[in-house]
Amino acid sequence: MDKNEFRAVIKHFYLKKWTAAQTKAELDEVHGDSAPSLKTIYFWINEFKHGRTCTKDKARSGRPVEITTSDIVEKIHGMIMENRRMKVREIAETVGISTERVHHILIEKLHVKKLCARWVPRLLTLDQKRTRKDVSTQCLAMFKRNPQDFWRRFVTVDETWIHHYTPETKQQSKQWIMSGESAPKKAKTVLSAGKVMATVFWDSQGIILIDYLQKGKTITGEYYATLLDRLKEQLKKVRPRLARKKVLFHQDNAPSHKSTVAMAKLHELGFELIPHPPYSPDLAPCDFFLFPNLKTWLAGKKFSSNEEVIVAVNEYFADFETVYFSDGIKKLETRWTKCIALDGDYVEKVWFVKLVIKLTEVSQKYAVEMIFLDNAPRIANFSFSGTK
């Protein structure tokens, strides 16, 4: 029974001179928990005593109830398809209904939600997505032939700037405060001018070689070729098992890496080059694992010289067990698989964006410096050259 029917029954028992308690007992016996409360029965008996005859609710002032029709839903759907950035207030004013009804239609009827665009290294073209998918398929096929042997032979490299001071992220600056205390404050800080370039070679067992670029030098193809010679000698010392096996070498597409002299050196050393698609930091273990964790650890730390930076970074890597590097490297399998499933699109949020184009000390060509999203300026439109 609905509420109006219950009120009619209460009126019937009132006309029979029943008390509120008698009416309550009768309704409980027949309807159980769905029966109205004793307070409600008292209220309606009192209303009937004062001459009320209607059991329906009285008309109330205020905004009339708005009816959500299929025409309104279709109109709102067309509006947001035409302009996906349209505000709820603008929709409400155009259609002539409340913002509350607009929210209801968007969420409950159209099942849409409004999200901010996320930063990605590049807005990939169809050809670039196809290249990423093809390369991921090729790499995954190489891996599946002998997964254990693949990880044993896999060596990767990349460069990163390590600053004398890296500001804390907003998340890292969080602290507990007591009730009544004001929110903590901190002055705006930027990356320090003092910095050193680190070139890190590593595999599933750990760090193999780190080169720290001397001030005033640049990483050219010739310099990078000498690093490859040093890597070969270091492998004989720390990875003797690779002496009789061909190294599966992974690098990105930085100009120094793809230079003629560097490619000739890789061929001379007998390294098998693992393909890496352009604009794909999400498929580079250094970019999606090793360096982001390092930069997080460096946040808030201050160093007065390059020597202090070098000691700190070496100690940082020395503290990790083999499983740390192994887990990071092995994420590649999942990422290749996801890239294929997404038809070459980026596999997840990339927490760094390549934003700043400038003449760096790394190359005599224009290069793009990696900047963490938490510290990056909010630039709506940007472009960059290079294929790292």
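Buried means under 20% relative accessible area, exposed means over 50%, and partly exposed lies in between (1.4 Å probe, protein chains only). The model shown is predicted, so to speak of local features takes a pLDDT of at least 70, and side-chain atom pairs count only at pLDDT 80 or more, while totals for chains, interfaces and linings use all residues. Residues are numbered from 1 along each chain as its sequence is written, and side-chain values use heavy atoms, with hydrogens and water left out.

**View 1. The whole chain, for orientation.** The protein chain has 14 helices and seven strands; helices (H or I, at least four residues) and strands (E, at least two) are DSSP runs, numbered from the N terminus. Of its 388 residues, 42% count as buried. Take the contacts (heavy atoms within 4.5 Å) between residues at least 6 apart in sequence: 70% of them join residues at least 24 apart.

**View 2. Thr-55 and its neighbours.** Look for Thr-55 in the loop between helix 3 (38–49) and helix 4 (70–82). Although Thr-55 sits in a loop, its relative accessibility is 16%, so it counts as buried. Leaving aside residues up to four places away in sequence, Thr-55 touches Asn-4, Arg-7, Ala-8, Trp-44 and Phe-48.

**View 3. The two sides of helix 4.** With 13 residues, helix 4 reaches 18 Å from its first C-alpha to its last, close to the 18 Å expected at 1.5 Å a residue; that expected span is 1.5 Å times one less than the number of residues. Its buried residues are Ile-72, Val-73, Ile-76, Met-79 and Ile-80. Seen down the axis, these buried residues fall within an arc of 125°, so they line one face of the helix; the arc is that of the directions from the helix axis to the C-beta atoms. The cover over the buried residues of helix 4 includes helix 5 (88–95) and helix 6 (99–109). Turn to the other side of helix 4 and you meet the exposed residues Ser-70, Asp-71, Glu-74 and Glu-82.

**View 4. Cys-139 and Cys-339, in no disulfide.** A disulfide is a pair of cysteine sulfur atoms within 2.5 Å, and a search of the whole structure finds zero of them. Why is Cys-139 not bonded to Cys-339? The sulfur of Cys-339 is the closest cysteine sulfur to that of Cys-139, but it is 9.8 Å away, too far for a bond. Seen from Cys-339, the nearest cysteine sulfur is that of Cys-139. Cys-139 is buried at 1% relative accessibility, and Cys-339 is buried too, with a relative accessible area of 0%.

**View 5. A salt bridge between strand 5 and helix 8.** Side chains of opposite charge can pair when their charged atoms come close. Here a salt bridge is a side-chain nitrogen of Lys or Arg within 4 Å of a carboxyl oxygen of Asp or Glu, and the count by this rule comes to 17. In this close-up, the side chains of Glu-272 and Arg-153 meet at 3.8 Å, N to O. The pair links distant parts of the chain, 119 residues apart: Glu-272 belongs to strand 5 (residues 272–274) and Arg-153 to helix 8 (residues 147–153). Glu-272 is partly exposed, at 31% relative accessible area, whereas Arg-153 is buried, at 15%. Both residues belong to a network of salt bridges that links Asp-149, Arg-152, Arg-153, Lys-245 and Glu-272.

**View 6. Asp-203 with Arg-239 and Arg-241.** Arg-239 and Asp-203 meet in a salt bridge at 2.8 Å, N to O. This pair links distant parts of the chain, 36 residues apart, with Arg-239 in the loop between helix 9 (221–238) and strand 4 (248–250) and Asp-203 in strand 2 (residues 195–203). Arg-239 and Asp-203 are both buried. Asp-203 also forms a salt bridge with Arg-241, the closest N and O atoms being 3.7 Å apart. Arg-241 lies in the loop between helix 9 and strand 4, 38 residues from Asp-203 in strand 2. Is each end of this second bridge buried or partly exposed? Arg-241 is partly exposed, with a relative accessible area of 29%, while Asp-203 counts as buried at 0% relative accessibility.

**View 7. The hairpin of strand 2 and strand 3.** Two residues make the hairpin connection from strand 2 to strand 3. The two strands pair in the antiparallel sense over six bridges, where pairing requires that DSSP finds at least two bridges. To find your place along the pair, note that Thr-199 stands opposite Asp-211 in strand 3. Six of the seven residues of strand 3 (residues 206–212) are buried, so this strand is largely enclosed by the rest of the structure.
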